[in-house]
Amino acid sequence: MADGNDPRNVRFPLRRGSDDAEPTPAPAPKPEPRAWRPPSIDKIGAGIGEAIKRVTPQRPEPPLELSGGMPAPEDYAPRWRRAATPPPPPPPPPIQPGLAAPLPAGGYTTNLPVVLKKRSWLRYASWAIAGLLVLFFLAVGWLALTAPLSKSLQPPAPPSITLLSAEGKPIARRGAVIAAPVDATKLPDYVRNAFVGIEDRRFYGHWGVDPRGIMRAFVHNVTSDGGSQGGSTITQQLAKNAFLNSQRTFGRKAQEVLIAFWLEAWLSKDEILSRYLSNVYFGDNVYGLRAAARHYFSVEPEGLSLSQATLLAGLVQAPSRLAPTGNLKGARDRQKLVIASMVDAGLLTKAKADAIRPAVLNVTKSEDDLPNGTYFADWVLPQARDRAGGVGTEQTVQTTLELSAQQAAERAVRGAGLNKSQIAIVAMHPDGRVIAMVGGRNYRESPFNRATQARRQPGSTFKLFVYLAALRGGMEPDSMVDDSPVQIGDWKPENSHGDYAGEITLRRAFARSSNVVAARLTQKFGVRAVTQAARDLGISTPIGDDASIALGTSTVSLLELTAAYASVANGSYPVRPQGLSEDEAASDWLARRLGGPTRFNGRQLDDLRSLLGTVVEAGTGRGAALPIPTYGKTGTTQDNRDALFIGYAGGIVCGVWLGNDDNSPNPGLSGSGLPARVWRDFMTRALDLRIPPPEPTVEPDGNDTTLDDVLNGVGEFIQGSGIETQVVPQGVDPDEQGEAPIDARPAEDRRPRRDRAPDAPGPQDRARLDDRRGEER
C-alpha cells in the first residue's frame, strides 16, 4: 500500500473535515504596499532552488490551503501547514456481478453509488418494434419515390396511341391493341379458374405474396433440370405489369412485394383479378382478355368456351413464343398443362377435362381493326407522341389526313399501270395541312417512305426558284430572253431534243421548260439569288454553288418541294407541312420560334402564278389540265431517272414522283407523261370533278344539204386520208371519162408542225384523248 505521506496521495480538502481536525486559522492581514524594485541575482537563484525542492518527490512539502489564498513564496512561507491526516477509507463493498472491481483503498476513483434495476424483455421488444416502424416508413418513402403509388388504384393501360383522321375516324394504331376492361364477376367460373389454376392456385387465400408458392418454385428450380418456375402471385404480376419493369433485381422484387401488399389492402380479390385480366399480354401485340378473345376467336370474353379459355390462360407464361397464330402446337401443348393444373387444384373434374377438345382459331379482321403501319402514320407518329405526352396510357391524336383524299391517292396509284417503278404522292392544303400521302406502291413490301425520306433530283420543277429570282430582279413574264445554245465555263447546257427557239418571252421559256434560258437567268442574277429564293420557300436541303442548280441537280424531298409550291398557292412563305390538327399543333414551340410567314410581293405573285398557269394551258403540263384553273410544273432528270409533276388547283396542292429505287434510267419516262396523268387522276377524284364531254354537233334545221355539199365533204375527207381515188358521176365509166384521179395530200403536209416541249414524252408515250370521254387513256 502506498505511503500516506506521499504528496501524490494528498487530497485537497474541499469541505470541512471531522470535528477533531484543527480549525482553519484566519487569513493574515495583507501587507502594506511597497515600491517595487528588481530582485537581486541571489534572490532569483534562491527562488529557483526553492522551486526545485518543491517538485522533488523525496522531500514532500505541506499542502496548499485554498481557503487562505496563495501567499508569496518568500514572505508567507511560515504560514504553510500540513493538512490533517484524513481518516482511513471504508472497506470496499463486495464485487457485484457485472460490475467492475473497485480501486484499492486510498486510490482515486470515480465510482458513484447507482441504483440497480432489472432489465425486462419489454424493453427489448419496444426497441424491436421501433426499429420495424422505422424500416417500414423508410420502405414506404423509398417506394413512393420509385413507384407510382399515386396511381395504384387506377386501372393501368398498356402503351397505345391511335391516330384519327381530320373527320375524327381512327386511321391507324401504334403500340398495343386493347379493348374495354373485363369484370371478373361477370365471367364464367371456368374462365376465372383457368387463370387462377395455372397462375396462382391460392389466389383467394393469401395477402398478395404466397410463401408456399415461393418455396415450391425454389425447390423445383434447385432440384429439377426442366424449366424454371416462378413464385409470383397474380397480385404481384399485376404490380409488375402496371407499375414496374421486368428486371430481375432484388430492388425491383422488393418494390413488387410492397405494391402487392398495397393493392391487397385497397382492392378486393375480384377487382385485382379484373385488372390483371384486363391488362395481361396475350401475344400478337394484344393486351387484355377482351382484346385477346376478339383477336383469336372473334368472341367476347363472356362467351368463351372452356377450351378457348384454357388456351388463352396458357399464353400468359410466354405470349410472344406461344401465340397460336405463329405457334399453334406450342399453344395447345401449354393448354393441356393448364387443364391438368385445374384438375390437380380441384377446379375442374376429370370427366370434363377429358371432354375438352383443342380450341379452333377464328382470327378475323373486324371493323375495329386498324393498320399498325402506313406511310402517313410513320411520318406523323413522332409528332403525335410528343403531343400525347407519356405513352404509358392509351392516347388518341387527331391528324390532318382526309379519308377521301387518301383513298383518291391510293386509287391513282393502283390505276397508274406501274411496272417496276416506284411512286410517291403528297397532297396538302395551301397552309401545309397534309391530307394524303403515299410513299410507295405497297407498304407491306417496302415501308420506306419515298415522299418524306427519299432525296431525289427535282429536275425542271426547281426552275420555279430560278424564275422567282428573275422576277425579283425586275423581269416580267413578257420580258425577252435568249433561247439559244450557251456555254458557262466548262458547262454547256442543252435543251431536250435539241430544240431552240431563239428570242422568246420569259413566259414561253417557262412553258417550254428551256434549260438554256434557266442557265442564262442563273448566271445573270447569280446562284446566291436562286438559292435564296429556294430557302425562302422552305427548301432546307443542301444546294450546289454553281449554275447547274438551275436544272435541278441538287436533291430534295417530294414533301419539301410540294410545300414550296404550296407557298405560291397560299400567297405567303414558307409553308411548313404538318400532319396534326390545329388544336394538336397549337403547342408546337418550334413553329412559334420560326416566326410567321412572309407575304409575296403582289406583282411577283401574280406573275409567278401566270407562269405556272401557262405550263398547263400551252406548255409541258397539258396532260394535267382540269376543267378549273390549274397551275403546275413538270420535271424530268437526266436519262429519265426521275419524273415529277407538282401543281395546285381547287385548294389542293399535290406532288407526284416516279422513278426507280436504284436510280436507274427509265426510257420514255417524263414529267409530262405518266406523272401528269396520275396527278390529274388524283385531283379529279379528290375535288370530285367531272370531265365535261365534247360539245354535241348542232344539226341545221331542214334538209338543205345538196349533192355538191356531200361530194365536197367526201372529197375533203378522202383528200385528207391519203387514199388515191377518183369521183365520177353515177352511170359513167371512169375509163371513158378520161379524168385523172384526185390525189390526196399526205398527212404530214396537212397537219401543222408544232414545237415539242422538252419535258414532253416521246411519240410512244404521248397521251391520246378519247373523243367520247375527253380523258387520256
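**Close-up 1. Pro574 in the loop between strand E8 and helix H20 of the predicted model.** Strand E8 covers residues 572–573 and helix H20 covers 582–585, with Pro574 in the loop that joins the two. The peptide bond from Tyr573 to Pro574 is cis. Its omega is near -10°. Most peptide bonds are trans.

**Close-up 2. Packing of helix H19 with helix H22.** Two packed helices are described by the angle between their axes and the distance between the axes. For H19 (residues 558–570) and H22 (residues 602–618), the angle is about 120° and the axes are 10 Å apart. H19 is therefore oblique to H22, as angles that are neither under 35 nor over 145 degrees, nor from 65 to 115, count as oblique. The crossing of H19 past H22 is left-handed. H19 contributes Tyr565, Val568, Ala569 and Asn570 to the contact, and H22 contributes Leu605, Leu608, Arg609 and Leu612. Of these contact residues, six are nonpolar, one is polar and one is charged.

**Close-up 3. Ser513 in the loop between helices H16 and H17.** Ser513 follows helix H16 (506–512) and precedes helix H17 (515–525). Although Ser513 is not a glycine, its phi is positive, at about 55°. Ser513 has a relative accessible area of 2% and is therefore buried, the cut-off being under 20%.

**Close-up 4. Asp639 in the loop between strands E10 and E11.** The flanking strands are E10 (631–636) and E11 (642–649). Asp639, also not a glycine, has a positive phi of about 60°. Most residues other than glycine have a negative phi. With 41% relative accessibility, Asp639 counts as partly exposed.

Notes. Residues numbered from 1 in each chain as written. Predicted model: local features only at pLDDT ≥ 70, side-chain atom pairs only at ≥ 80, totals over all residues. Heavy atoms only, no water. Axes fitted to C-alpha atoms, helices over the stretch in contact; angles between N-to-C directions. Helix = DSSP H or I, 4+ residues; strand = E, 2+ residues; numbered from the N terminus. Left-handed = near helix turned anticlockwise from the far one by under 90°. Contact = heavy atoms within 4.5 Å. Nonpolar A, V, L, I, M, F, W, Y, C, P; charged D, E, K, R; others polar. Buried < 20%, exposed > 50% of the residue type's maximum accessible area, 1.4 Å probe, protein only.
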